[in-house]
Amino acid sequence: MKTTKLLTLIFLLTTVSLTAQNPVIIPGTLSGTEFILNLQNGTFQFYNGTNTTTMGVNGHILGPTLIMQKGDFVDITVNNNLDDTTTIHWHGMHVSAENDGGPHTFILSGESWNPQFTVMDKAGTYWYHPHLHEKTNKHVSLGIAGFIIVKDEEEAALELPRTYGIDDFPLVIQTKDFDANKQIVTPSNADDVLMVNATIDPSLDVPAQVVRFRLLNGSSQRVFNIGLSANLTFYQIGTDGGLLNEPLALTRLQMAPGERAEILIDFDGMEGQAVQLMSYASEFQNGIYGATNPGMMQFMTLDGYKPNALNGTNFDIIEFNVVAQTSDPVTLVPTTLVEVTPYPEESADITRTLNFSPSQMGPDQLNHPFLINGTSFNMDIINYTIPLNNIEIWSIFNQSAIAHPFHIHDVQFFVLDRNGVSPPASEQGRKDVILIKPMETVRFITQFTDFANDPVPYMLHCHMLVHEDGG
Ligand SMILES: [Cu+2]
């Protein structure tokens, strides 16, 4: 009897230690105007004692955070030391097509690419990732992704936390599928391992004051319904393309693959307490990757999707442990931020309509590629030729049974409406990704300024990387 109890105790202790929190990795930074990025194969221990084959930038997993100043002319050298062709795209940034790093601007194994451009973007959280046709998911899933933080004078004038790694933290949230040997499986619909900055079961010590988080959904397919434990309030201050007019007090924020959000959490007076950043995925309606059923109808299957403890349930993303204040804390959430001015609808030169549809109708449609206006991606076809400086409304109808996060390069847009209704305040800032639900029409307005290029196109695509790779 005693032995049994002892064994039980040992078992419990072992279980606890296996699920212990791991301090989240904070990526290093590169700043200035010259950046050298070495893409490389690597191995990384997501699980203690087990090497997983990975890809990384200047290291074995993920990449450094690039800190850029608006107005600077930056010179980036990307050395492809992988044994595969790839590209690097500056997601969300307004750069010329030849500097954008889309699938046409590939870097062969052993070669280098040297984009140079003036940073024209507003202060905000952008990111970089591979964009090779049919290989984007593999290269991102194996680990190539990094943050870009753009700073500007407008943002610098605000009383916001901005000390990297102290009161300003980048958090890339990803789910992956590991096989029995703890190797990453791609493509997969069985992504049941959640990580933040490549750390499984992550925790982070945060000071008892207002702290800024730059959230990125870097997952291949999964949508998160961000919230805090005990439904604590947090404040969204930024969307994909920069700061909002004013902080928004929220308890939930939906984030699809590719989307970023800057949030503030006020930990003042909470020293010694723990707060979980969570996904309340139980609240998703069907038809979203992350809900109980990924298709609108229950009978629609997605190979490998079930069973998965992350689907349709609430789960922790990262634990924040509140520690002592820093010496110069921000303790108030500002009341106003920057002026964000959408283009008036009447200013549009044209409305384009896009229709997302399955390539194969019926209950198995989620396992097949999806089409835009009845066609899939072709490297040799340019689908739209847009006059420089056009202001355009894009009206996108999702005629398929799963929600797709639509992404367009070069521009930030403003959402006009969802099925004719104004979007929630959290979607009224500058955006470059928008989740379009089944049978929903989303309209946005944008302007195509500064860059014209005949042979090198910009991309528009679904940011579920499996759908993207499917064309
Ligand atoms: Cu899609």
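**A tour from strand E11 outward**

Start by selecting Leu66 and Ile148: Ile148, in E11, is the bridge partner of Leu66. Keep in view that this is a predicted model.

Now widen the selection to the strands. E5 covers residues 65-69, and E11 covers residues 146-151. E5 and E11 pair in the parallel sense, with 4 bridges between them.

Next, add strand E10, residues 124-129. E10 and E11 run antiparallel and are joined by 5 bridges. To find one of the paired positions, pick Thr125; its bridge partner in E11 is Ile149.

Stay on E11 for a moment. Is this strand mostly covered or mostly open? Mostly covered: 5 of its 6 residues are buried. In a regular strand, side chains alternate between the two faces of the sheet.

Step back along the chain to Leu62. This residue sits in the loop between strand E4 (50-57) and strand E5 (65-69). Is Leu62 buried or exposed? Count the C-beta atoms around Leu62: 26 others lie within 10 Å. The cut-off for buried is 20 or more, so Leu62 is buried.

Select what surrounds Leu62. Setting aside neighbours within four places in sequence, the contacts of Leu62 are Pro27, Gly56, Gly143, Ala145, Gly146, Asn197 and Ala198. Then draw a distance from Leu62 to Ile144. Their C-alpha atoms are 5.0 Å apart, although 82 residues separate the two along the chain.

Return to Ile148 and look at the core. The largest nonpolar core has 106 residues. Ile148 is one of those with the most contacts inside this core, together with Leu171, Leu215, Val223 and Ile263.

Pick Leu215 from that group. Which residues does Leu215 touch, not counting those up to four places away in sequence? The list is Leu171, Ile173, Ile226, Met255, Arg260, Ala261 and Ile263.

Finally, zoom out to the whole protein chain. The secondary structure comes to 4 helices and 31 strands. Of the 471 residues, 44% are buried. Taken along the principal axes, the C-alpha atoms fill a box of roughly 80 × 55 × 50 Å. The radius of gyration is 22 Å, which agrees with the value near 23 Å for a compact globule of 471 residues.

One last thing to colour is contact range. Among contacts between residues at least 6 apart in sequence, 78% join residues at least 24 apart. Leu62 and Ile144 give you a place to see two residues 82 apart along the chain brought to a C-alpha separation of 5.0 Å.

Terms used. Residues are numbered from 1 along each chain as its sequence is written. This is a predicted model: local features need pLDDT of at least 70, side-chain atom pairs count only at pLDDT 80 or more; totals for chains, interfaces and linings use all residues. A nonpolar core is a set of buried Ala, Val, Leu, Ile, Met, Phe, Trp, Tyr and Cys residues joined through C-beta atoms within 7 Å. A residue is buried if 20 or more other C-beta atoms lie within 10 Å of its own, exposed if 12 or fewer, and partly exposed in between; C-beta atoms are placed from the backbone. Two residues are in contact if their C-beta atoms, placed from the backbone, lie within 7 Å. Helices (H or I, at least four residues) and strands (E, at least two) are DSSP runs, numbered from the N terminus. The radius of gyration is taken over C-alpha atoms; the globule rule is 2.2 Å times the number of residues to the power 0.38. Two strands pair if DSSP finds at least two bridges between them.
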